[in-house]
Amino acid sequence: MGLDINWAVDWVRRSADVVSEHRVELINLDREIGDGDHGENMDRGFQAVLPKLDDLPAGSTPGDVLKLVATTLISTVGGAAGPLYGTAYLRASSAVGGEVSLDGNAVAALLQAGRDGIVARGKAESGDKTMVDAWTPAVDAAASAAAGGADAAAVLRAAADAAAAGAVATEPLVARKGRASYLGERSAGHRDPGAQSSALLLEAAAEAASN
Ligand code: ADP
Ligand code: MG
Ligand code: MG
C-alpha cells in the first residue's frame, strides 16, 4: 500500500516527538565536537512545523507537507543544519511532485533527492563525518529494497536501519566538514550529531509507515 498525506503528517509529528525526546542527547553530541546547539536548533524547527500542519488545505499531498517542513526549517533552525535539512526536504518535495500515494520506488526517490540536496548544499563526501554518512547508506539500502520489489514501508525500514548504523559508524571518523572539522583528529571518538538526528528522522518515517 502506498504512503499518503496521513503518513507524511504522521512522519512530521513523530519527528517532532523524537527530536524533542532526544534534544539533550543531540545537544551533548554537539557539545563534544561542535557548539552544543544541534538539539535546540532541531527542536525549535520541528516544534514550529507542528501548528502549521493544521492549516494544510484539503487535498494536500505528501509533497506539500515536505515543502512546509523545508520552508519552516530554513526559517527557524539556523546554523548549518537548517539550510541542509531545508534543502533536503525541498528536493524531496520536488521529487514526489503532486503524487498522492507513494510506492517503494517513490520513497526511494524521495530519500535520494533529499540526500542529493544535502550534498549539493554542503559539499560533504561520504566519510567526512556529517549527516551524509547517515543518509547515503539509507539511500543505498532504500534503492536496493525498492529494486527488490519492497513496498514503501519496507523501503523506509531498510533506510532507517541503515541510517542508524551509518550514524554509529561516524564515531571513529575525523570530521572534514562543518564545525567539528575545526577539532581535526580530536573529533574522532564522537558520534556526529547531524548523522544522529538524521537517523532519528528516518526512524520516525519508518514508524509512521508501519502504523
Ligand atoms: P552548527 O554547526 O552551525 O551549530 P548544527 O549544530 O545545527 O549547526 O548542525 C551540525 C551538523 O550539521 C553536523 O553534525 C553535521 O552533521 C552537519 N553538517 C555540518 N556541515 C555540513 C556539511 N558541509 N555537509 C553536511 N552536513 C554538515
Ligand atoms: Mg551546532
Ligand atoms: Mg551553531
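Select lysine 129, in the loop between H6 and H7 of this predicted model. Its phi is near 65°, a positive value in a residue other than glycine. Most residues other than glycine have a negative phi. Lysine 129 has 28 other C-beta atoms within 10 Å, and because 20 or more are needed, it counts as buried.

Next, select lysine 123, which lies in the loop between H6 and helix H7 (132-147). Lysine 123 comes just after H6 and has a positive phi of about 60°. Is lysine 123 buried or exposed? With 11 other C-beta atoms within 10 Å, lysine 123 is exposed, whereas lysine 129 is buried.

**Helix H6 and glycine 114**

From lysine 123, step back into H6. This helix has 19 residues. Its first and last C-alpha atoms are 27 Å apart, close to the 27 Å expected at 1.5 Å a residue.

Within helix H6, select glycine 114. Glycine 114 is buried, with 27 other C-beta atoms within 10 Å. Which residues does glycine 114 touch, not counting residues up to four places away in sequence? They are Ala88, Tyr89, Arg91, Ala92 and Trp135. For tryptophan 135, draw the C-alpha to C-alpha distance: the two residues are 21 residues apart in sequence and 8.4 Å apart in space.

**The nonpolar core**

Now display the largest nonpolar core, which has 71 residues. Those with the most contacts inside this core are Val107, Ala138, Ala142, Val155, Ala159 and Ala163. Helix H8 (residues 152-168) gives the most to this core, with 11 residues.

Centre the view on alanine 138. Setting aside residues up to four places away in sequence, alanine 138 touches Leu111, Ala159, Ala162, Ala163, Gly166 and Leu202.

**The shell around ligand 1**

Select ligand 1 and show the 24 residues around it. Which of these residues come nearest? They are Gly79, Gly122, Thr130, Gly178 and Gly194. Colour the shell by residue class, and it divides into 9 nonpolar, 8 polar and 7 charged residues.

Then colour by helix. Helix H3 (38-53), helix H5 (81-96), helix H6 (104-122) and helix H9 (193-209) each supply at least two residues of the shell around ligand 1. The largest share, 3 residues, comes from H9.

**Threonine 61 and helix H4**

Move to threonine 61, in the loop between H3 and helix H4 (62-76). Threonine 61 has 20 other C-beta atoms within 10 Å, and it is buried because the cut-off is 20 or more. Beyond residues up to four places away in sequence, threonine 61 touches Ile5, Gly98, Glu99 and Val100. Arginine 179 offers a contrasting view: threonine 61 and arginine 179 are 118 residues apart in sequence and 36 Å apart in space, C-alpha to C-alpha.

Continue into H4 and place a distance between its end C-alpha atoms. These atoms are 21 Å apart, which agrees with the 21 Å that the 15 residues of H4 should span at 1.5 Å a residue.

Which residues of H4 are buried? Select Pro62, Gly63, Val65, Leu66, Leu68, Val69, Ala70, Thr72 and Leu73. An α-helix has 3.6 residues a turn, so residues three or four places apart point the same way. Show H1, H3 and H5 as well, for they are included in what covers the buried residues of H4. Beyond the helix, H4 is followed by glycine 78, whose phi is positive, near 70°.

**Aspartate 10 and asparagine 211**

For the last selection, go to aspartate 10 in helix H1 (residues 5-21). With 19 C-beta neighbours inside 10 Å, aspartate 10 counts as partly exposed. Leaving aside neighbours within four places in sequence, aspartate 10 is in contact with Ala208 and Asn211. How many residues separate aspartate 10 and asparagine 211 in sequence? They are 201 residues apart in sequence, and their C-alpha atoms are 9.4 Å apart in space.

**Confidence**

To end, colour the model by confidence. The mean pLDDT of the protein is 97, and 100% of its residues reach 70 or more. For the complex, the predictor gives an ipTM of 0.99 and a pTM of 0.98.

How values were computed: Residues numbered from 1 in each chain as written. Chains lettered and ligands numbered in written order. Predicted model: local features only at pLDDT ≥ 70, side-chain atom pairs only at ≥ 80, totals over all residues. Near = placed C-beta within 6 Å. Helix = DSSP H or I, 4+ residues; strand = E, 2+ residues; numbered from the N terminus. Nonpolar A, V, L, I, M, F, W, Y, C, P; charged D, E, K, R; others polar. Buried ≥ 20, exposed ≤ 12 C-beta atoms within 10 Å, placed from the backbone. Contact = placed C-beta atoms within 7 Å. Expected span 1.5 Å × (residues − 1). Core = buried A, V, L, I, M, F, W, Y, C linked by C-beta atoms within 7 Å. pLDDT = per-residue confidence, 0-100.
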